[in-house]
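Hi,

Here is the structure I said I would pass on. Have a look at it first, and then read on for what turned up.

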Amino acid sequence: MSEDVCYCCGWSYYNLNNHFQQSPICLFPEFSDRQEELLKGLTMGDGSITRSRESGNFRMTIISVNEVWLRWIYAQFGDRLATEPTLAQDGETAGEQARQYESFDDSGGDWEYSDVYEVAIRSHPRLTEMRETWYPHGDIRFPDDLSLTPALAKTWYGSDGGLSWSDGTPHMNVGTWNESHRPEFLLDLFREHGFEPTYSEPLIRLFGDDRDQFLDWIAPAPAGFEYKWETESREHYDALKEGVA
Ligand SMILES: [Zn+2]
C-alpha cells in the first residue's frame with residue numbers, strides 16, 4: 001500500500017481520509033462549483049460512488065477503455081482530489097479468462113478485448129452526501145431538483161451520449177436507462193434550457209440546430225471525446241474515434 005502526502009501539513013499517510021477526519025488542522029480539500037457539476041454528470045454516466053470498506057467516506061471510480069478521457073477527468077480534479085488513472089485490466093488477460101470457458105464464442109475471428117482503465121476521485125464527505133442523494137434506495141435515481149449545466153451535461157454526454165450517423169446527418173443522443181420510466185422529467189431537463197428533444201426509450205435525441213446549440217453550450221469537448229462533437233464530416237468523426245478506442 002502506498003502512502004499519500006497531505007497537501008496541508010506535508011506528512012505522509014497510508015489513509016488520507018482518516019487523517020482528514022481526525023486532524024483538527026488539515027481539512028478535506030474542497031470541490032469547486034464546476035467540479036461538483038462534473039461529478040453529477042459522471043454520477044449519471046460512467047462514475048460509480050462506492051466505498052472500499054464498511055465505514056468511512058465514499059469515493060467515485062470511473063472505468064473506461066478510453067484512457068484519454070480518464071486522463072482528462074484526472075486533470076479536472078488534480079492530485080488532491082483524484083488519483084492517477086491506472087490499468088484496471090489488460091485486454092489480453094481479459095481474453096484469456098474468457099477463453100477458459102467452453103462456451104466462449106471465438107467465431108468473430110480476431111475480435112479483441114480492450115484494455116480497461118480506472119480513475120478514482122478520492123474518498124470525500126461530499127461523495128458520501130452525493131451517495132445518499134443519488135442512491136436513495138440503493139439504486140441510482142436522478143434527484144427531482146436536477147438541472148443541467150454545461151459542465152454536468154459535458155460529462156454526462158461524454159459518458160452516455162454520442163452522435164448517430166444512421167441517416168447521413170448525425171443526430172445527438174444520450175442514453176437514460178435507469179430513468180426510462182420518467183420520460184417527461186428527462187425531456188424537461190432539456191426544455192428548461194430551450195432545447196426541443198424527442199424521446200424514444202431509452203434515448204433522448206436532438207436534431208439539427210438544437211443539436212448544434214446543445215453541443216456548443218457544453219463545449220469544449222473533453223479530451224478523448226472530440227469525435228462526439230464532430231458533426232460535419234463522417235470521415236473526420238471516424239478518424240477521431242479511431243484514435244481513442
Ligand atoms: Zn495534513
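Let me start with helix H5, which lies across S3, S4 and S6 and runs at about 105° to S3. Bear in mind throughout that this is a predicted model.

H5 covers residues 125-134, and its buried residues are Leu127, Met130 and Arg131. Looking down the axis of H5, you will find these buried residues within an arc of 105°, so they line one face of the helix. Turn to the other side of H5 and you meet Glu129 and Glu132, which are exposed. And what covers the buried residues? Helix H2 (33-44) is part of the cover, along with strand S3 (47-50), strand S4 (59-64) and strand S6 (116-121).

Now for the sheet under discussion. Which strands form it, and in what order? Four strands make up an open sheet, ordered S3-S4-S6-S5, with antiparallel pairing. S3 and strand S5 (82-89) are the edge strands, each pairing on one side only. On average, neighbouring strands here are turned by 25° against each other, direction ignored. If you want a spot to zoom in on, try S3 and S4: they pair in the antiparallel sense over four bridges, and Gly47 has Ile62 in S4 as its bridge partner. Helix H3 (residues 67-81) also packs on this sheet, where it touches S4, S5 and S6, and its direction makes about 145° with that of S5.

Stepping back to the whole chain, it is divided into domain 1 (1-29), domain 2 (31-134) and domain 3 (150-242). How far apart are the C-alpha centres of domain 1 and domain 3? They lie 40 Å apart.

Further along the chain there is another sheet to look at. Four strands form an open sheet in the order S7-S8-S10-S9, and the pairing is antiparallel. Its edge strands are strand S7 (161-164) and S9, and each of them pairs on one side only. Neighbouring strands of this sheet are turned by 30° against each other on average, again with direction ignored.

Going through it pair by pair:

- S7 and S8 run antiparallel and are joined by four bridges; Ser164 has His171 in S8 as its bridge partner.
- Strand S8 (residues 171-175) is joined to strand S10 (residues 203-206) by four bridges, and the two run antiparallel. Here Gly175 is bridged to Leu203 in S10.
- Strand S9 (residues 198-200) pairs with S10 over three bridges, in the antiparallel sense. One of the partnerships links Thr198 with Arg205 in S10. S9 and S10 form a hairpin, with two residues between them.

While you have the strands on screen, remember that in a regular strand the side chains alternate between the two faces of the sheet.

Which helices go with this sheet? Helix H6 (residues 150-160) packs on it, touching S7 and S8, and the direction of H6 makes about 90° with that of S8. Helix H8 (residues 208-217) lies across S8 and S10, running at about 60° to S8.

If you only have a minute, I would look at H5 first, with Leu127, Met130 and Arg131 buried and Glu129 and Glu132 exposed on the other side. After that, follow the S9 and S10 hairpin.

Cheers

Key. Residues numbered from 1 in each chain as written. Predicted model: local features only at pLDDT ≥ 70, side-chain atom pairs only at ≥ 80, totals over all residues. Buried ≥ 20, exposed ≤ 12 C-beta atoms within 10 Å, placed from the backbone. Arc of directions from axis to C-beta. Contact = placed C-beta atoms within 7 Å. Domains from an automatic or database assignment. Pairing = 2+ DSSP bridges. Axes fitted to C-alpha atoms, helices over the stretch in contact; angles between N-to-C directions.
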